[in-house]
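Reader: Hello! I am new to protein structures, and I would like a close look at one part of this one. Could you walk me through the glutamate in the fifth strand and then show me how it fits into the rest?

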Amino acid sequence: MKAKAYAKINISLDITGKRESDGYHLLRMIMQNIDLYDEINIEKQKSDITIKCNKPYVPTDERNLAYKAAKLFKDTYNIKEGVIITIKKNIPVAAGLAGGSTDCAAVLSIMNKLFEVNAKDEELMKLGLKLGADVPYCIKGGTALCEGIGEKVTELKSFKNKIIVLVKPPFGVSTKCVYQDFDLKKVRNHPNTEELIKAIERDDLEFICNNMKNLLENVTLRKHKVLIGIKEEMRSCGALGAMMSGSGPSVFAFFDDMLNAQRYFEKIKERYDDVYITRTI
């Protein structure tokens, strides 16, 4: 059984505080799927969990989130059979695009159908939260407001078919380290999430490009100045707006003209391998 596991970008990422019980950051994020995806195929086998992947740097043992998802699903629903999970990886890793989380979400969703457990999305989202804060959103997908540590997902009006050029520089960023280095006391301006939601409702791309904000840029851009240069270049090449996704280092830009997007794509492709021209879905 096959599924597409879509990457996400953040249209906004706000941090409102920390949870007293465990110190996790409390978030308000507008998340958006884009048409860049990993392909996940799962087949039954007698026992055990086997992971196969087309990229040699992706672990295929219990460190892989897809493996953890399969084990959690088997344990939760008392499933004796095993699975062979084949991952065709297209989403860059350690990129702020929820590549691992979306694979994890796809495994939970496929196994739910494959073993005819018929758990509701809400049940799978609770399960997925044990594996990562982005997993509940990845199960739901589309355009959504995510709150708490990521567990509260509210569906928003679709913001599909917006042209995006995405650039992932040749280094990764540790989400954990970015959050550790983030200092809420130094934040002067928070994203206006409510106004961004209204702009999505009226399909106002220009407002979104002028007002989207990601507080984690304060940490990652300071350490990796090259990202500032990429954002500036995107705008000078006709992008309406540019921003880092998640904890980075991927940077995306919205274009309202495919010709401009194509021109910039061809230009930046000469310097970076991981460059994509895609759309919101």
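Author: Here is a look at Glu147, followed by two other residues and the whole protein.

This is a predicted model, in which local features need pLDDT of at least 70 and side-chain atom pairs count only at pLDDT 80 or more, while totals for chains, interfaces and linings use all residues. Residues are numbered from 1 along each chain as its sequence is written, and side-chain values use heavy atoms, with hydrogens and water left out.

Let's begin with your residue. Glu147 sits in strand S5, which covers residues 143–148; strands (E, at least two residues) and helices (H or I, at least four) are DSSP runs, numbered from the N terminus. With a relative accessible area of 15%, Glu147 is buried. Buried means under 20% relative accessible area, exposed means over 50%, and partly exposed lies in between (1.4 Å probe, protein chains only).

What does Glu147 touch? Leaving aside residues up to four places away in sequence, Glu147 touches Leu27, Arg28, Lys152 and Thr154, where a contact means heavy atoms within 4.5 Å. With Arg28 there is also a polar contact, side chain to side chain, at 3.0 Å. A polar contact is a pair of N or O atoms within 3.5 Å; within protein, one must be able to donate a hydrogen and the other to accept it, and residues adjacent in sequence count only if both atoms are side-chain atoms.

Now for another glutamate. Glu217 belongs to helix H8, residues 217–223, and Glu217 is buried, at 14% relative accessible area. Beyond the residues up to four places away in sequence, Glu217 touches Arg222, Lys231, Met243 and Met244.

Lys4 makes a useful companion. Lys4 lies in strand S1, residues 2–18, and is partly exposed, with a relative accessible area of 46%. Setting aside residues up to four places away in sequence, Lys4 touches Tyr37 and Asp38. From Lys4 to Asp35 the distance is 9.7 Å, C-alpha to C-alpha, across 31 residues of sequence.

Finally, let's step back to the whole protein. Its secondary structure comes to 10 helices and 11 strands. Of its 281 residues, 52% are buried. Among contacts between residues at least 6 apart in sequence, 72% join residues at least 24 apart. Along the principal axes, the C-alpha atoms fill a box of roughly 55 × 45 × 35 Å.
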